[in-house]
Amino acid sequence: MKKLPIIFLLAGAVWSCNSAKTAERQASMNQLPAMDSPVRVKGNFEKEFLAKFPLAELPLKIDTKIALGDTIPAQNVIQYILESAGEAKISTFADFWGENENMTRKGLEDRFLNQEKNVFMVLNFGYGSRLHLHADYYTVYFQVIPTFMEGSYAYTYLANFDKAGKMLDAVRLSANEGYVDMQMFKTAEITTDGLIKIESKNIKRGGMQDGTADITEFAYLQYKATEKGVLSLMSERYTGYSGNFEGKESPEIFKIEQYPAHLQISYLPTPDGSEQIDLEMVQFNKETRTIIAKHPEKDLQFVLTYDQDMKKIVCKSSEGKTISFTRKG
């Protein structure tokens, strides 16, 4: 579930080894825009893309029953969503695009799993509706359903575009995903005044053998679009410990993942992730929301204390440093 990019790579590895042998597929691939093609063609955005989204009224609720309506053509997905987001440095769709552009192009083209044709991964985008949040830009929401041989994944995204079709910002509204012992459900409500309320429910299954119970982590986020189309995070609250925490005045990052039987804490001295250290648990106090962990090789210990909303931690190290960290996912 939360490991979607890894699953995407595994599925793609199987697919890529086989697809290279099929000349017909290579010919189809050439119909998609080249890697250095322009992100948008002037005048086409409204007609080819925006006009396909019927106007919906507010307030609006987006639940976990995510199903495709009409499928967005592969070329339009690449041109108006993926490449547009990349040009604007919006990372919302990095799981589908990122460094795997060729894999994504093939997944968008195939549409359906077909073992006989060596199709083990597909990616479908579907038209949703257009919303009126502001007169100076366009707002649409759409579905994204990646399909693999294992697991189940479906999402709804909202994106703002300027009048020329440049993406301004985007956010995931809803989700329904499950893989092995994890499930995640996300729903959203958009009020008449444009406040976007998102609730996430992340379930991690316990084990029959070790007798651990399921754990459920909730997240409550509220966004408001600015006059420039940027989705500003107005409030956030969490019930679980899992998250990535970054410091404003320090390059260090803590990655914390809560499981039914244990907490996994990784420490990254630098943000590039070149050195990731798995810390050893010393103490975990839920009442005080405090974690004490130590470096496996050095005489270095960290005391991490969460705030009431679980969105920030204060880290005190045995070296005498005190640094505040904020959730970044």
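## The β8–β9 hairpin

How many residues lie between β8 and β9 in their hairpin, and which residue in the turn has a positive phi? There are 5 residues between the two strands, and Gly229 is the turn residue, with a phi of about 85°. Strands and helices here are DSSP runs numbered from the N terminus, with at least two residues (E) for a strand and at least four (H or I) for a helix. β8 covers residues 215-225 and β9 covers residues 231-238; they pair in the antiparallel sense over 7 bridges, where pairing requires DSSP to find at least two bridges between the strands. Across from Leu231 in β9 stands Ala225.

## Reading the model

Please keep in mind that this is a predicted model, in which local features need pLDDT of at least 70 and side-chain atom pairs count only at pLDDT 80 or more, while totals for chains, interfaces and linings use all residues. Residues are numbered from 1 along each chain as its sequence is written, and side-chain values use heavy atoms, leaving out hydrogens and water.

## Helix α5 and its charges

Helix α5 spans residues 101-110, and 8 of its 10 residues are buried (buried is under 20% relative accessible area, exposed is over 50%, and partly exposed lies in between, with a 1.4 Å probe and protein chains only). Among the buried residues are Glu101, Met103, Leu108 and Asp110. Just past the end of α5, Arg111 adopts a positive phi of about 75°.

Arg105 of α5 takes part in a salt bridge with Glu83, at 3.7 Å from N to O; the term asks for a side-chain nitrogen of Lys or Arg within 4 Å of a carboxyl oxygen of Asp or Glu. This contact joins distant parts of the chain, since Glu83 belongs to helix α4 (residues 74-87), 22 residues away from Arg105. Arg105 and Glu83 are both buried.

## Salt bridges elsewhere

The count of salt bridges comes to 8. One of them brings Lys204 and Glu217 together at 3.2 Å, N to O. Lys204 is in strand β7 (residues 195-204) and Glu217 is in β8, so this pair ties together parts 13 residues apart in sequence. Lys204 counts as buried at 1% relative accessibility, and Glu217 does too at 7%.

Glu252 and Lys321 form another salt bridge, with their closest N and O atoms 3.8 Å apart. Here two loops are linked across 69 residues: Glu252 lies between β10 (243-247) and β11 (253-258), and Lys321 between β17 (312-317) and β18 (322-327). Glu252 is buried at 8% relative accessible area, whereas Lys321 is partly exposed at 37%.

## Aromatic contacts

Now for the rings: the whole structure holds 25 aromatic pairs (Phe, Tyr or Trp rings, the six-membered one for Trp, with centres within 6.5 Å; planes under 30 degrees apart are stacked, over 60 edge-to-face, the rest tilted). Phe49 and Tyr80 make a tilted pair, because their planes stand at 40°, with the ring centres 5.4 Å apart. The pair connects helix α3 (residues 45-49), home of Phe49, to helix α4, home of Tyr80, 31 residues apart. Both Phe49 and Tyr80 are buried. They also belong to one aromatic cluster that includes Phe45, Phe53, Tyr127, Tyr138 and Phe161.

Charges sit over rings as well (NZ of Lys or CZ of Arg within 6 Å of the ring centre and within 35 degrees of the ring normal). Lys163 lies over the face of Tyr138, 4.2 Å from the ring centre, and the charged end of Arg172 sits over Tyr155, 4.0 Å from its ring centre.
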